[in-house]
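The following exchange examines a single protein chain through a series of questions and reasoned answers. Please consult the sequence and the coordinates while reading.

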Amino acid sequence: ASLPDTTNRLLHASQDGSRRLILSTSDRDPGVYYLFDQATKKIEELAVIKPGIDPDKMAPMRPISFRARDGLTIHGYLTVPAGREAKGLPLVLHPHGGPYGIRDSWGFNPEIQFYANRGYAVLQVNYRGSGGYGAQFERAGWKKWGLEMQHDLTDAVRWAIAGGIADPQRVVIAGASYGGYATMAGLAFTPEL
């Protein structure tokens with residue numbers, strides 16, 4: 001209750017457990033270290049990870065889901081520039097690396113915030129093969145590079161366009177590692193998108 005809308009991780013504790021070091025992060029805040037005192041039930045701020053970043057000026061990240069063309073539910077995250085409505089925005093599709101077992105998660109990402117700060121909505125898609133959704137979902141991506149895995153990314157952009165979130169004339173795909181492959185495949189297979 002003291003740290004709302006955050007993910008809070010216990011990093012260390014004193015031997016008797018009376019004092020604990022906590023890292024508190026969110027989609028808009030890279031993090032703050034706190035010391036929790038069990039006896040007083042109070043937390044004390046110790047250090048801000050990136051003091052130059054004002055969380056109130058950062059863009060919120062929200063979970064999304066849609067059905068891929070074959071009916072599989074795909075999850076991901078949409079970050080919309082702070083203070084903007086999710087309507088007719090230029091869009092960056094940002095596929096994660098890996099591809100297997102890796103996933104995008106809710107939390108602060110400086111690259112995503114950079115794009116949002118420049119006015120882009122950012123779509124991160126946990127396409128089939130991504131981790132965190134069970135072994136069957138991960139196996140669904142095996143031998144599917146440039147095929148169903150790429151279709152998931154294409155379907156995500158079409159979902160954003162159909163929902164009025166993305167301007168269909170201003171869509172970009174950018175990524176590294178497998179995300180770089182997905183970028184190349186997107187440019188080769190669906191250049192019109």
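The questions below concern a predicted model, beginning with the chain as a whole and then turning to individual elements and residues.

Q: How many helices and strands does the protein chain contain?
A: Read along the sequence, the elements follow the pattern β-β-β-β-β-β-β-α-β-α-α-β-α. The secondary structure of the protein chain thus amounts to four helices and nine strands.

Q: What percentage of the contacts in the protein chain with a separation of 6 or more comes from residues 24 or more positions apart?
A: The C-alpha trace spans about 60 × 40 × 25 Å along its principal axes, and buried residues make up 41% of the 193 residues. Among contacts with a separation of 6 or more, the share from residues 24 or more positions apart is 59%.

Q: What part of the area exposed by the protein chain do carbon and sulfur atoms supply?
A: The exposed area of the protein chain is about 10,400 Å². Of this area, the part supplied by carbon and sulfur atoms is 53%.

Q: Which strands stand at the edges of the open sheet?
A: The sheet consists of four strands in the order β1-β2-β3-β4, with antiparallel pairing. An edge strand has a single partner, so one of its sides is left without a neighbour in the sheet. The strands in that position are β1 (7-13) and β4.

Q: By what angle are neighbouring strands of the open sheet turned against each other on average?
A: The strands of this open sheet are arranged in the order β1-β2-β3-β4. With direction ignored, the average turn between neighbours in this sheet is 30°.

Q: Which residue of β2 is the bridge partner of T7?
A: Strands β1 and β2 (residues 19-25) pair in the antiparallel sense over six bridges. For T7, the bridge partner in β2 is T25.

Q: Why are the buried residues of α1 on the same side of the helix, and what arc do they cover?
A: The buried residues of α1 (residues 110-117) are I112, Q113, Y115 and A116. They lie on the same side of α1 because the arc that they cover around the axis is only 160°. On the other side of α1, P110 and N117 are exposed. The arc asked for is therefore 160°.

Q: Against which strands do the buried residues of α1 pack?
A: I112, Q113, Y115 and A116 are the buried residues of α1. Their packing partners are β6 (73-79), β7 (89-93) and β8 (121-126).

Q: Which residue has a side-chain oxygen that reaches the backbone nitrogen of E111 at the start of α1?
A: At the other end, α1 is followed by G119, whose phi is positive, near 100°. At the start of α1, the backbone nitrogen of E111 has a side-chain oxygen within 2.9 Å, and that oxygen belongs to N109.

Q: Is S130 buried or exposed?
A: S130 is found in the loop between β8 and α2 (135-139). Leaving aside neighbours within four places in sequence, its contacts include P99, I102, R103 and F137. Its relative accessible area is 0%, and a value under 20% counts as buried. S130 is therefore buried.

Q: With the side chain of which residue does the side chain of S130 make a polar contact?
A: A polar atom of the S130 side chain lies 2.6 Å from the backbone oxygen of Y127. The contact between side chains, at 2.8 Å, is with H96.

Q: What is the form of the peptide bond from G98 to P99?
A: P99 is placed in the loop between β7 and α1. Omega of the bond from G98 to P99 is near 10°. The peptide bond is cis.

Q: Is K41 buried or exposed?
A: K41 sits in the loop between β3 (32-37) and β4 (42-48), and its phi is positive, about 60°, although it is not a glycine. Its relative accessibility of 55% lies over the 50% cut-off. K41 is therefore exposed.

Q: What is the relative accessible area of K143?
A: K143 lies in the loop between α2 and α3 (148-162), and its phi, near 60°, is a positive value in a residue other than glycine. K143 is exposed, with a relative accessible area of 78%.

Q: With the side chain of which residue does the side chain of D167 make a polar contact?
A: D167 lies in strand β9 (residues 166-173). Not counting residues up to four places away in sequence, D167 touches G88 and L89. The polar contact of its side chain, at 2.8 Å, is with the side chain of R170.

How values were computed. Residues are numbered from 1 along each chain as its sequence is written. This is a predicted model: local features need pLDDT of at least 70, side-chain atom pairs count only at pLDDT 80 or more; totals for chains, interfaces and linings use all residues. Side-chain values use heavy atoms; hydrogens and water are left out. Buried means under 20% relative accessible area, exposed over 50%, partly exposed in between (1.4 Å probe, protein chains only). Helices (H or I, at least four residues) and strands (E, at least two) are DSSP runs, numbered from the N terminus. The arc is that of the directions from the helix axis to the C-beta atoms. Contact means heavy atoms within 4.5 Å. A polar contact is a pair of N or O atoms within 3.5 Å; within protein, one must be able to donate a hydrogen and the other to accept it, and residues adjacent in sequence count only if both atoms are side-chain atoms. Two strands pair if DSSP finds at least two bridges between them. Axes are lines fitted to C-alpha atoms, for helices over the stretch in contact, and angles run from 0 to 180 degrees between N-to-C directions. Accessible areas come from the Shrake-Rupley method with a 1.4 Å probe; for residues, only the protein chains shown count as cover.
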